[in-house]
Each structure stands twice: as C-alpha cells, then as structure tokens.
Amino acid sequence: MNNLVNYPVMAVDDIIRPTQLQIDLRLLKENYLKIKSHVFPAKVMPILKANAYGHGLVKVGQLMEELKADYIGVAVLEEGILLRESGVTIPILVLGGIWGNQIPVFIKYDLAMTASSIEKLKQIDEISIELKKKAKVHLKIDTGMERIGVHYYSADKLLEESLKYKNILVEGIYTHLANSENSDLSYTRLQFDRFNEVLRFYEKHSIEAPIRHISNSGAICQMPEANLDMVRPGIMLYGVYPSYEMIKPIQVLPALQWKSLVVYFKVIKPNHPVGYGSKWVSDHNIRAVTIPVGYGDGYLRSMTGSAEVIIRNKRYPVIGSISMDQIVVNIEQDSAFNGDEVILIGKADQSEIKVEDLANWAGTIPYEILTNINTRVPRIYIE
Ligand SMILES: *Cc1c(COP(=O)(O)O)cnc(C)c1O
C-alpha cells in the first residue's frame, strides 16, 4: 500500500479487493445475546474455531471480550494464543487434543486444556509443578463419537485420578454430540444419558461437579434439558442453523455477507464455450459478466453447474466451470455494468442467497462453506 500513498485520488476503498466479506458485528452481538438469554442461567461458551467460522478470530474474540462472555472455545492451541495476543483475557478452552510439547505453552498463555487420559493428567501435573503455575483442564468424555475422550463406560478412573493433582484445576467436564441437529433425537438422548451416568460420580462422592457442558447449536435448539451448566454454540452464533429439519426456537440472523463487483461485460456468441473444459455453451447470443472470485477464495468449484449470484435484485446462474479466481455469470438479455454489486451470500431487496444454498449446490454442509472462505478475501466489519 505504501507506494500508493502519494496517489491523490486513491481512497482506501479502491485499494481493497472488490471481493469482500462484510461482517455485521451488531448482528453477531444480537445473536449472542439471544442465545444467552434463551439458555439462562446456563453459561455460554461461544465457539470461535476455524477463524470464527470464517468471520475473523480476532474481531469476534474481541467482541466476546467486550461482552464479557463466560468462556471462549477454539479448536487448536494457535487460535488460543492469537486471542491472548489480541488482548482477550476471558477464559479460553482448546477443544482439540494436546500434542507433543504443547503443555508448557498452554500454561504460559493460561489456556484450558482438554484432558482425556490419566497419562495426560500426569504430564500436565509434572509440567505445571515445574512452571510453578496452575494448569486448567476440562475432562473430555466420549459418549458416542469415538474421537478424543475417555469412553463413558470407563470414565470413573479418570475422574477419580483428576482429584489427586493439586496443581491442576479441573474447571470443567464435557462431551460432544454426534447428531443433535437431526429431527430424530434418540442418539442424542442416549449420549446425554451416558454423560449423566458419568456425572453421578460426583454425586456418589458428594463432590461438587466442575462446569458440565454438552450442548452445541443443535442441542441448544432442540434439547433444552441438556443445557446443564454451560452451552457451546458455534454456527448459530453466526446466524446459521446446522440443518433445515431442526426446531428453531431462537431467531438468529446471518452476520456475514459475501459481495463482489462486476468487473467485465461481454456478449458471448452461440457455440463459443465458457471456462475450463469448454463444457458450457449457449445456442444463442447472451450477455455475460465476469466476477473476480473463485475457488481460490473458497467459492467451491463443486458448485459448478448450480451456483447463482444476485445482481440488481435478480438471481443469475454462474456458467462454465468455477475457476480459481474468476466466475462468469449469464445475465441473458438484461443489463449490468462494471462496478455493479454482486451478492454471493446475502440479501438484496427482493432476493436472498443463504449459506445453506451454497452448501446445497456444493453437496456439503453450511459449516464447510463458511470455514472455506479464506484469508484472501478481505473482511470488512460493520460495528
Ligand atoms: C465445533 C464444536 C461446537 C460447536 O458446534 P456447532 O454445531 O457449530 O454449534 C461445540 N463443541 C465442540 C466440542 C465443537 O468441536
């Protein structure tokens, strides 16, 4: 940007790529507050993994700090470090496993660890003694996912062991649900029952349980009895529901819009194929515009043949294969001009394209659409 400083008419807006994400922090805040009041008195741990589902880890983290959220959840150590280095002081839990020599780093940055074996607890204890600083952990129980976590049927030993270490503060105990967004909740109930069975350990020994948490977005909406002490909303915080079929008692709104501009206009003659592979051809003259976005930004190539965009309040199909940096849109006999706004995800007066639409076109889930929008796309925040 430095070489442009002396150029008199160049405003910052002109330098930024026309393809951008507009993220409304006011809506994110509203979504958070709606979830919080819906689950009250349970605490809330907003989940900010994978760059806050594409919305920008630092900005969303700072918003949660401002809102004094009870906790933040991220997936990997580096996400926790970045939050701490951006001035976030509220408690942070890293949901993924601990690997190699990460334990001292967790302790140094005051990040809570997910512990799911006795060996890990021992290791954490030894290192925290060396560092003369208490370590924080949440115990992870596997109630039906078969990923990290000690099996529910052999959890007692881990819970017992966790009481022994004076240098470890066991702040929480949790499990994760595999099917909570389905309309059939029988497996979710089974997982909840298994978790409750594990938690009876504390009752049996008359010990106060640490913070108990199980619910992701699906369960927050569909199984309020599972709120327990804290809930972990991810995708809902961003205004997107995990599935179409589920009950939606909380009205959240999408916080993100993905926009671009028309950068080129041309007329395409019959039998002149569009894009790589030359698979799309017209049998009549059409008007087409080029938009500077592609799979290199996370506009997935698998949406080829189904994707649509909004220009001047109307939906138009993307034609030809989606390439790395550009797409071509067929506007038939309509008009569009260079500089016209293009909505890839978002709302116009009479039309809307949702994250869920892109997920359907790509044959995937909304989560993957959001987390694939990469850092080449500048984020613009509305505060
Ligand atoms: C991602 C994640 C969540 C949030 O899930 P959503 O479906 O996005 O609400 C909650 N808990 C854990 C352990 C997770 O990994």
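**Exercise 1.** Is Ala-52 buried or exposed, and what is its relative accessible area?

*Solution.* In this predicted model, begin by placing the residue, which belongs to helix α3, spanning residues 49-53. Next, read the backbone: Ala-52 is not a glycine, yet its phi is positive, at about 55°. Finally, turn to accessibility, where the cut-off for buried is under 20% relative accessible area. Ala-52 has a value of 0%, and therefore it is buried.

**Exercise 2.** Find where Lys-132 lies, and decide whether this residue counts as buried or exposed.

*Solution.* The first step is again location, and Lys-132 is found in the loop that runs between α7 (118-131) and β6 (135-142). The second step concerns the backbone, since phi of Lys-132 is near 55°, a positive value in a residue other than glycine. Such a value deserves a remark because most residues other than glycine have a negative phi. The third step is accessibility: exposed means over 50%, and Lys-132, at 76% relative accessibility, therefore counts as exposed.

**Exercise 3.** Describe the peptide bond from Phe-40 to Pro-41, and state which loop holds Pro-41.

*Solution.* Start with the omega angle, which is near 5° for the bond from Phe-40 to Pro-41, and this peptide bond is cis. For comparison, most peptide bonds are trans. Then locate the proline: Pro-41 is found in the loop between α2 (25-39) and β2 (43-44).

**Exercise 4.** Work out where the ligand sits, which residues surround it, and which side chains have polar atoms 2.6 Å from its oxygen atoms.

*Solution.* Begin with the site, for the ligand sits in the largest pocket. The residues around the ligand include Ile-47, Leu-95, His-176, Asn-216, Arg-232 and Ile-235. Sorted by class, this shell has six nonpolar, four polar and two charged residues. Now examine the polar atoms: a polar side-chain atom of Lys-49 lies 2.6 Å from an oxygen atom of the ligand. A side-chain N or O atom of Tyr-53 is 2.6 Å from a ligand oxygen, and for Tyr-367 the distance from an N or O atom of the side chain to an oxygen atom of the ligand is 2.6 Å. As for cover, the ligand on its own has 390 Å² of accessible area, of which the protein covers 93%.

**Exercise 5.** Summarise the protein as a whole: how many helices and strands are there, and what percentage of the residues count as buried?

*Solution.* Counting the secondary structure gives twelve helices and 19 strands. The C-alpha trace spans about 80 × 55 × 40 Å along its principal axes. Of the 383 residues, 51% count as buried.

How values were computed: Residues numbered from 1 in each chain as written. Predicted model: local features only at pLDDT ≥ 70, side-chain atom pairs only at ≥ 80, totals over all residues. Heavy atoms only, no water. Near = heavy atom within 4 Å. Polar contact = N/O pair within 3.5 Å; in protein donor to acceptor, adjacent residues only side chain to side chain. Areas by Shrake-Rupley, 256 points an atom, 1.4 Å probe, with all protein chains shown as cover. 1 Å grid on protein atoms, 1.4 Å probe; cavity = no way out; pocket = protein on both sides within 12 Å on 5 of 7 lines; lining within 4 Å. Sits in = over half its atoms within 2 Å of the grid points. Nonpolar A, V, L, I, M, F, W, Y, C, P; charged D, E, K, R; others polar. Helix = DSSP H or I, 4+ residues; strand = E, 2+ residues; numbered from the N terminus. Buried < 20%, exposed > 50% of the residue type's maximum accessible area, 1.4 Å probe, protein only.
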